[in-house]
Amino acid sequence: MDPTSSSSSSLRWRILRKALINRSDSQSQAEIKRVSRKATQGFNLIPCQLVASALEDSREACVCYTIPIPPSPKLYLTQRVDNCSDLNDFEISNRHNIDNTGLVCQWPSEEVLAYFCMSQPDRFRGKRVIELGSGYGLAGLVIAATTEASEVVISDGNPQVVNYIKRNIESNSMAFSNNTSVKAMEFHWNQHELSELTNTFDIIVASDCTFFKEFHKDLASIIKVLLKANEPSEALFFSPKRGDSLDKFLKEIEDIGLHYVLTEKYDDQVWKRHETLVKGDDESWPSYDKSHCYPLLIQITNYHK
């Protein structure tokens, strides 16, 4: 098949399987250059640097994130080296009916979510917060370190990812407010036994969780279950449009009786960085495309009559 006839999304997921196939031919390299949306530095909103690689597990690295607000606290996240997956990772994903993206890399929308939350501490102060599909937990950890939320639950459906979250919570515990409870949770959006979590959260946060259309209905349902019903509550999602995937998710949100507001320009610094990337003035993200890369803010609430 001519690679130019394949859709960009299907080619991106072929790249994720590269760890299993390990192709090095010129066609594979051309595909990677043409469709990969992952940047070396993403939006470069939270400075980060590699602290250590080749830890006990040669697939892991420790990355230091310096939160850009006084007194510049640092968070140390253990995570996989980018695109370092193996057959066992995919077997676990299939067993739990989940995707494997949380292990692949730190995705740019997660950085935008973390930066946005860090910039609005009053929004989270004293609130119960849960992050869905968190990956290594950057946004949840930033919320715990900067906003004085009363509780931060950092969740993912992949048990391997949850193990990383637990390690990252432990290694950064000194950075959290004394009044903030932080915990990891393996959480699947189609869970039914949720009595202890029903209508308990003030804020849900998530990034890049709307790509897979087969999960839309469960995700919309779980938002309604988790949000407090009789007092103000909200879900803050950051997601690029990616074809019609975001529109289809928002249709599910409407169908279940929730309300949403879609905002394109929600932070001056993020928008400035976006404009620089669109113009091609920054070579760190040569394949930057607004529809696939720029996360929109979706604020989801219950109707209050």
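The following exchange concerns a predicted model of a single chain.

Colleague: How many helices and strands does the chain have?

Modeller: The chain comprises 305 residues, of which 50% are buried. Its secondary structure consists of 13 helices and ten strands.

Colleague: In what order do the seven strands of the open sheet stand?

Modeller: The pairing in this open sheet is mixed. Strand S6 (181-186) and strand S9 (258-263) each have a single partner strand, so they stand at the edges, with one side of each left without a neighbour in the sheet. The twist averages 20° from one strand to the next. The order of the seven strands is S6-S5-S4-S7-S8-S10-S9.

Colleague: Which residue in S6 is the bridge partner of Asp 156?

Modeller: Strand S5 covers residues 151-156 and pairs with S6 in the parallel sense, over six bridges. Within S6, the bridge partner of Asp 156 is Glu 186.

Colleague: What angle does the direction of helix H10 make with that of S4?

Modeller: Helix H8 (residues 138-146) lies across S4 (128-132), S5, S6 and S7 (203-207), and runs at about 175° to S5. Helix H10 (residues 216-226) also packs on the sheet, where it touches S4, S7, S8 (234-239), S9 and S10 (296-302). The angle between the directions of H10 and S4 is about 170°.

Colleague: Which residues touch the most other members of the largest nonpolar core?

Modeller: This core holds 76 residues. One of its members, Leu 132, is in contact with residues beyond four places in sequence, including Ser 155, Trp 189, Val 205, Leu 219 and Ile 222. The residues that touch the most other core members are Leu 132, Ile 223 and Phe 237.

Colleague: What share of the contacts with a separation of 6 or more joins residues 24 or more positions apart?

Modeller: Leu 132 offers an example of contacts beyond four places in sequence, with Phe 187 and Leu 226 among its partners. Across the chain, for contacts with a separation of 6 or more, the share from residues 24 or more positions apart is 70%.

Colleague: How many disulfides does a search of the whole structure find?

Modeller: A disulfide is a covalent bond between the sulfur atoms of two cysteines. The cysteine sulfur closest to that of Cys 62 belongs to Cys 64 and lies 7.5 Å away, which is too far for a bond. Over the whole structure, the number of disulfides found is zero.

Colleague: Is Cys 293 buried or exposed?

Modeller: Cys 62 has 14% relative accessibility and therefore counts as buried. For Cys 293 the relative accessibility is 4%, so this residue counts as buried.

Note on methods:
Residues are numbered from 1 along each chain as its sequence is written. This is a predicted model: local features need pLDDT of at least 70, side-chain atom pairs count only at pLDDT 80 or more; totals for chains, interfaces and linings use all residues. Side-chain values use heavy atoms; hydrogens and water are left out. Two strands pair if DSSP finds at least two bridges between them. Helices (H or I, at least four residues) and strands (E, at least two) are DSSP runs, numbered from the N terminus. Axes are lines fitted to C-alpha atoms, for helices over the stretch in contact, and angles run from 0 to 180 degrees between N-to-C directions. Contact means heavy atoms within 4.5 Å. Buried means under 20% relative accessible area, exposed over 50%, partly exposed in between (1.4 Å probe, protein chains only). A nonpolar core is a set of buried Ala, Val, Leu, Ile, Met, Phe, Trp, Tyr and Cys residues joined through side-chain atoms within 4.5 Å. A disulfide is a pair of cysteine sulfur atoms within 2.5 Å.
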